[in-house]
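Here is a short tour to read alongside the structure. Keep the view open and turn it as you go.

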2 protein chains.
Amino acid sequence: MLAIALVYLLIICHTSDNHSESQAPVLSHSQQVFTNIMNRKSVRHYTQQAVSKAQIDTLLRAAMAAPTAVNRQPWAFIVIDKVDVLKALAEQLPYAKMIDKAPVCIIVCGDLNKTFKSDGAVDYWAFDCSAATENMLLQAEAMGLGAVWTALYPENDRVQLVKKMLNIPDHLMPMAAVPIGYPSGHERPKNKYKVENVFYNQF
Amino acid sequence: MLAIALVYLLIICHTSDNHSESQAPVLSHSQQVFTNIMNRKSVRHYTQQAVSKAQIDTLLRAAMAAPTAVNRQPWAFIVIDKVDVLKALAEQLPYAKMIDKAPVCIIVCGDLNKTFKSDGAVDYWAFDCSAATENMLLQAEAMGLGAVWTALYPENDRVQLVKKMLNIPDHLMPMAAVPIGYPSGHERPKNKYKVENVFYNQF
């Protein structure tokens, strides 16, 4: 327990002070992944540096590698990289005004035609799309980018607005708008670990 | 594009043939995280090797680092590591019979008292808990473990059964049962990338 805490402290101290990979201590694969998960944060402030097509492709590949119920892959991704569209989105979405400061925004949509739906239960697309969004956020962090999950679904007014603006058909449900850019350095990760959230073998 | 495909191919070929970290080529932090995301798979077959308390602690820390709407952290985790409880769960859950072959199973629960809920919208706990579950699955992969997301919520019969069995109070909603163990090597990651899922600036 103490060993884990020390390793984690070492990782955190290192990564917050020094972003140069060449000077990084050698971390195991497991430590690299853990550090990245712990360092992911909601980034709402970006520099003007562009995000490349190759970076966007990598983010989309990460997203589509998410687990999906009965392998239905009920998702679609709309990449917004035109300034006028980013600006229009920011103007219309009160909680996502940072979108026009980001060079790119990816809209994660659930596909209601593809989703797994069991007898009597709700659709599974929102779980699948949440995992896909988290993969994208983690890969953004790993590439030195910053991103934030801003909710569309389940807010019906935002959903209708974005569907109309981007010509999204009825079978697609826009769930999250994820602006992505190089972080300006304002945000730090939160420590959300609470031992009282953990139980053993029964509540 | 071609460069990305080649790097990815190299990564996949390497990791499927060679699990020894000491012989691995030096990958950047970004490549380590990407490889891990692409290598994550649903693992339903385990060896008898135990999972340590330290490993479980790391998995829970990864889970609680997930993004959560308005930072409500609406989750609780029930770690099942007693053989009789694992066996009872496997007997009761038709789609999760592999639970009694795993040394540990983590039940991810949403907390209905803590969840963010906006006017007129459904709760946000399921998004937050999905991201937490994905973090846990990715960290398991990184540590050489295998895991699989088996759904409880939104299947009401499974939810009621697990609540009763584990003495879970009304404000907690068991969403996923995640058995975890060392993979026996049966499963391979799926390639789910589809360029037709990607759109630019409008549908």
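Let's begin with helix 3 of chain B, which covers residues 53-64 and has 12 residues. In this predicted model, helix 3 of chain B reaches 17 Å from its first C-alpha to its last, close to the 16 Å expected at 1.5 Å a residue.

Which residues in helix 3 of chain B are buried? They are Thr58(B), Leu59(B), Leu60(B), Arg61(B), Ala62(B), Ala63(B) and Met64(B). It may catch your eye that Arg61(B) is among the buried residues.

Now look at the partner of this helix within chain B. The axes of helix 3 and helix 5 (residues 125-142) of chain B come within 7 Å and cross at roughly 140°. An angle over 145 degrees would count as roughly antiparallel, so helix 3 of chain B is oblique to helix 5 of chain B. The crossing of these two helices of chain B is right-handed.

The residues that meet at this crossing are set out below.

| Helix of chain B | Residues that meet the other helix |
|---|---|
| Helix 3 (residues 53-64) | Thr58(B), Leu59(B), Ala62(B), Ala63(B) and Met64(B) |
| Helix 5 (residues 125-142) | Ala132(B), Asn135(B), Met136(B), Gln139(B) and Ala140(B) |

When you read such lists, one general point helps: an α-helix has 3.6 residues a turn, so residues three or four places apart point the same way. Thr58(B), Leu59(B), Ala62(B), Ala63(B) and Met64(B), which meet helix 5 of chain B, also appear among the buried residues of helix 3 of chain B.

Next comes the other copy. Chain A has 6 helices and 6 strands, and along its sequence they follow the pattern α-α-α-β-α-β-α-β-β-α-β-β. Chain A has 203 residues, and 47% of them count as buried. Among the contacts in chain A with a separation of 6 or more, 75% are between residues 24 or more positions apart.

How do the two chains fit together? A turn of 180° with a shift of 0.0 Å along the axis lays chain A on chain B with an RMSD of 0.0 Å. The two copies are thus related as by a two-fold rotation axis. The same surface serves both copies, since 100% of the contact residues of chain A recur in chain B.

In numbers, 70 residues of chain A are in contact with 70 residues of chain B. On the side of chain A that touches chain B, helix 2 (29-39), helix 3 (53-64), strand 1 (75-80), helix 5 (125-142) and strand 6 (198-200) each supply at least two residues. Helix 5 of chain A gives the most to that side, with 10 residues.

Definitions and conventions: Residues are numbered from 1 along each chain as its sequence is written. Chains are lettered from A and ligands numbered from 1 in the order in which they are written. This is a predicted model: local features need pLDDT of at least 70, side-chain atom pairs count only at pLDDT 80 or more; totals for chains, interfaces and linings use all residues. Copies are superposed by least squares on the C-alpha atoms of residues with pLDDT of at least 70 in both. Two residues are in contact if their C-beta atoms, placed from the backbone, lie within 7 Å. Helices (H or I, at least four residues) and strands (E, at least two) are DSSP runs, numbered from the N terminus. The expected span of a helix is 1.5 Å times one less than its number of residues. A residue is buried if 20 or more other C-beta atoms lie within 10 Å of its own, exposed if 12 or fewer, and partly exposed in between; C-beta atoms are placed from the backbone. Axes are lines fitted to C-alpha atoms, for helices over the stretch in contact, and angles run from 0 to 180 degrees between N-to-C directions. Angles under 35 degrees count as roughly parallel, over 145 as roughly antiparallel, 65 to 115 as roughly perpendicular and the rest as oblique. A crossing is left-handed if the near helix is turned anticlockwise from the far one by less than a right angle, and right-handed if clockwise.
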